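Biologist: Could we go through this model together? I would like to start with the backbone and then move inward.

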Amino acid sequence: MIHPLLKAFIIGIISSTLVIPFTFTRLYKALELRFYDQRLKLRPQRPVTDKVTLIAIDDNSIKTLGRWPWTRDKHAALIDTLCSLGAKTIIMDIEFLEESPPTLEKGLVEDKLREVKERLKDISQGIQSLPQRATSKEGEASQELFDYYSTVVLEEGKALETDIEKIIVDHDEALTRATALSNRTILAFHPVESLHGANSLLPIYPALKELLLHEEAVSIEELTKRLFLKERQQKDLAEVFTLVKKQVVLETLLEGLEKNPQATQEELMQAIPKGLVEETALQDAYSKARLMHHVGKKFGKDIRISNAGKEKTPSVPFLETPIYPLLEACKDLGHTAMVPDFEDGTLRKMPLWVKRGDKYYLQLALQAVCDYLGVKDGDLTLYPGKLLSIATPSGEEIGIPINPYGQALVDFTGRPGPLGWRETFPILSYTLPIELWQIRKDSNTLWEALDGKYLGGTITRLKQALSAETSPTKKEELKRQIEEKSRELVDFIQLSIKKSRDLLEKEPDEGRKGQLALALEEMQQELSLLKRLETLERELSSRLRKQVEDKICLVGAIFTGGTDFSPTPYDPACPNVITHCNIVDMILKRHFINYDRKAHNIPTIILLGPVMGLITSALGPLVGGGALAGVMGIYLTASYLLLTYLGVWLHVAGPLIAMVTSYTAVTVYRQLTVERQRREIKNLFQHYLHPEVVNELVKDPTKVKLGGVRKELTIQFSDIQGFTSLSEKMQPGELEAFLNTYLTAMTDVVLKHGGTVDKYEGDAIMAFYGAPIDQPDHALRACKAALEASETQEALNLQFKGKGWPTIRTRFGINTGPAVVGNMGTNTRFDYTAIGDSVNLASRLESANKIFGTTILLGQETYEYTKKDIFAIYLGLVQVKGKAQSVKVYTLVSLAGDAPPQDQELDRLLSTATSLYYERKWKEALEYFSRVLTLRPGFSAAEIYSIKCRTYVDIPPGPDWTGALVLEEK
């Protein structure tokens, strides 16, 4: 006969083996990702690097600077300002894929319009004066008029044309200039997938391309016949046929350029059949091909590969890059492609590069780190499916774990809090650097005006010379002269103010005195404005420099209503620029997450299944279930610690399923073999124990003995108010029918919500929730039962009234806490009951309803467990008889969301009143208790507190006063 443990071991192996195929399904992967997310969320938040600052296009920026997108001169101003503040690397997570249209600057337009009006006025006056200046000879007058038009009007027309051209502003030019001068700005681009999502065409694309290139005017119908397209492929081809032809053209032109970079447009076009695409599309394709070739030459990276045969990175056909002037001006490019998980669309990993041809293009954040650390092209080594190694100038090797497709798990450092992601990363609103730029601009304008007014433009000329100078020595000399002249200008204005004051005091002429006063006021305002702008610039510059200097500055959008968001484990709508911040932090702090391997997962499954089977067989289903929970807890804890402190992602879904499956299989086997014993137990106890208790005994026969277990329960006591006097007015038979009707209805409510009726004592009922069956929501069940019982009572009162019986009001006391529950009694007779302090407190709370004038009273623990699901009013601290420690009590009103407005107002007033009461502010508390009584006259709790407040105003209690209401009755 096979030993039971050997049987359990075999069952465990079989059940574990059956789990392995499930680990390759999409459902399993989705489940494992959820476990992974939960472990990430449970990790303690670690400090982030101090080398990154986010320049956020936030809601305040949109409110201040207007609707998005903005003109690019604002980005130019931002880059200039960040450079002046010492930013080491600037990352623009904004794509500039198209040229922006030229715009008119409102201020310049207004200035030029004024100039035009003045010139037209002069021309008009000149024309009107011609007859007066003409000689008697008509020919001479005509010649003078002609000369005037040819020399004045035409010249003025050309001048006006030039001025109008000046007010048309090219913001791309401004951004290009700022990007080039910064020599530290990295721009964003994104790759374009092949065939625009028509995946069914991918297997036949080479044949499709061959036909389109070598046969003119091939229709969809012909392609369908010749390539034997399936229905799905026909549908996809019909939807993207135009795009497919454009892609074929672009790829062909790119291939031609790769072979011969010096090829002319005509030479490249020879490989394209006539009529394949329209002429405009052909020109666009040629421009894109030239641009792609240029991008590859300037920005494509060479990565050393340790084993090229295992490199699986797919090559993308196109890159959507910034416009050509910006490509020439920027320091580098970084891609912004996102790869959400197929199972649930959540972003957990990031491709560290994209590949086109034999060139690699780094991810935006990775490119930023490489630029920040001074990593050069050729300093990256790829170990396919394992690591991307970065060799820093200091000699350190940074190894980023990757999967076979070059994707790294993002170690999300922080998490959004009440203030969003500002609690994790240093975030500057975009408006602050722009504000500093505007202050500097206003200050420069004022300096130029004062320089022209008082120094004849000396400082302006020196600045112009400085901008044109290339010699470092001469530059320093010009800077010194500018500083010296600036001090002279301020000293001159101050001296002029002093002299004007002296002259003003001595000047006897009132007219002259008024002129001096105006001049003095103007100089004072100029000096005051100059100093105020200098102070603002100095303070804001100092503040921003602390957050920008020598740091990586990422510029991106986080404003409400934006589109640059993705779901992440921490945030269902996380700004993508935050993800870039996390990647920068991850690399700089060397804190990575390693992928789990199937080679680790499957052996773990095969090992844990049989072990769990042996434990279940040896300990039995109940203890084995506890052991299962313990082993699962240990495994989950180990996986959490590995992820948190070692960055190792250990799969948990498969091993947990294997353990549960093994436990279940062994338990089912045991249950089948002990079925006879179960039937015997049921027949023995079903006549005198509660059915649920009987079922619990059947599940675990070891419970057929005296004694109990300590566990957390919710106990509920109910009693009819004034039942003694009510029963004295009824005949015995009538009273029996009355009680049976009442107790039956109340018991049905308790059982409906999963409660266990412990005992009846006349009209009183004791019930508890959470045993013998575990109920995680036992507190909420008790509250719902009490509310439904109150409604049932109203229906009973209508029934009682029809029979001539008195109406009733039932009071409830509910408390949650530890109790001993089990079979209590003798060896021959016992009951399934609960005992303990928590039971006694529930009974006291039921009696306390008489003091507070309430119907349902809850203990503090019950309220804490259910406060999200119920609406209850806090009544204060009470000290019940037999207990030295006071407890908080609440009166249950309704489930959450069902409370009437009057009760919500009552809760607010009473909460304020009791807070003031415990703070010994009895006069203020009395005012609020009075408002409570106005809202609900006769409310006993408010009346009791009001009496005590009046007493304490005259005779304050001692220092050991706790404020608790002492209940003398049981």
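**Backbone and interior**

Modeller: The model is a predicted one. A convenient starting point is Asp-550, which counts as partly exposed because its relative accessibility is 36%.

Biologist: Where is Asp-550 found?

Modeller: Asp-550 is in the loop between helix H18 (510-548) and strand E17 (552-557). Its phi is near 60°, a positive value in a residue other than glycine.

Biologist: What is the usual sign of phi in residues other than glycine?

Modeller: Most of them have a negative phi. Asn-183 also has a positive value, with phi near 55°. Asn-183 is placed in the loop between helix H7 (171-182) and strand E5 (185-192).

Biologist: Is Asn-183 buried or exposed?

Modeller: Asn-183 counts as exposed because its relative accessibility is 53%, and the cut-off for exposed is over 50%.

Biologist: Which residues does the cis peptide bond join?

Modeller: That bond joins Trp-68 and Pro-69, with omega at about 5°. Pro-69 sits in the loop between helix H3 (59-65) and H4.

Biologist: Then let us follow the chain into H4. How far apart are its end C-alpha atoms?

Modeller: They are 19 Å apart. Helix H4 covers residues 72-84, and its 13 residues should span 18 Å at 1.5 Å a residue, so the two values agree. H4 is followed by Gly-86, whose phi is positive, near 95°.

Biologist: Which residues of H4 are buried?

Modeller: The buried residues are Arg-72, His-75, Ala-76, Ala-77, Leu-78, Ile-79, Thr-81, Leu-82 and Cys-83. Leu-82 also appears in the largest nonpolar core, which has 99 residues; Leu-82, Leu-212, Leu-223 and Leu-253 touch the most other members. Helix H10 (residues 231-259) gives this core its largest share, ten residues.

Biologist: What does Leu-82 touch?

Modeller: Leaving aside residues up to four places away in sequence, Leu-82 touches Ile-55, Ala-87, Ile-90, Pro-433, Val-548, Cys-553 and Val-555. There is also a second, separate core of 54 residues, which includes Leu-40, Ile-402, Leu-409 and Phe-592.

Biologist: Changing topic, why does Leu-327 count as buried?

Modeller: Leu-327 has a relative accessible area of 0%, and buried means under 20%, so Leu-327 qualifies. Leu-327 lies in helix H13 (residues 324-329). Apart from residues up to four places away in sequence, Leu-327 touches Leu-291, Val-295, Lys-298, Phe-299, Thr-321, Pro-322 and Leu-333. Lys-298 is 29 residues from Leu-327 along the chain, and their C-alpha atoms are separated by 8.9 Å.

Biologist: And Thr-579, buried or exposed?

Modeller: Thr-579 is buried, with a relative accessible area of 0%. This residue is found in helix H19 (residues 576-588). Its contacts include Leu-347, Met-350 and Phe-412.

Biologist: What about empty space? How many cavities of 30 Å³ or more are there?

Modeller: There are two. The largest cavity holds about 40 Å³ of space. Among the residues lining it are Gln-716, Met-746, Ile-765 and Phe-812. H25 supplies the largest share of that lining, three residues.

Biologist: Finally, how many helices and strands are there in the protein?

Modeller: The protein has 31 helices and 28 strands. Buried residues make up 46% of its 970 residues. Among contacts with a separation of 6 or more, 74% are between residues 24 or more positions apart. The protein exposes about 49800 Å², of which carbon and sulfur atoms supply 55%.

Conventions: Residues are numbered from 1 along each chain as its sequence is written. This is a predicted model: local features need pLDDT of at least 70, side-chain atom pairs count only at pLDDT 80 or more; totals for chains, interfaces and linings use all residues. Side-chain values use heavy atoms; hydrogens and water are left out. Helices (H or I, at least four residues) and strands (E, at least two) are DSSP runs, numbered from the N terminus. Buried means under 20% relative accessible area, exposed over 50%, partly exposed in between (1.4 Å probe, protein chains only). Contact means heavy atoms within 4.5 Å. Accessible areas come from the Shrake-Rupley method with a 1.4 Å probe; for residues, only the protein chains shown count as cover. A nonpolar core is a set of buried Ala, Val, Leu, Ile, Met, Phe, Trp, Tyr and Cys residues joined through side-chain atoms within 4.5 Å. The expected span of a helix is 1.5 Å times one less than its number of residues. On a 1 Å grid over the protein atoms alone, a cavity is a set of points where a 1.4 Å probe fits but cannot get out, and a pocket is an open set with protein on both sides within 12 Å along at least five of seven lines; lining residues have an atom within 4 Å of a point. Grid points are joined across faces, edges and corners, and a volume is the space filled by probe spheres set on the points.
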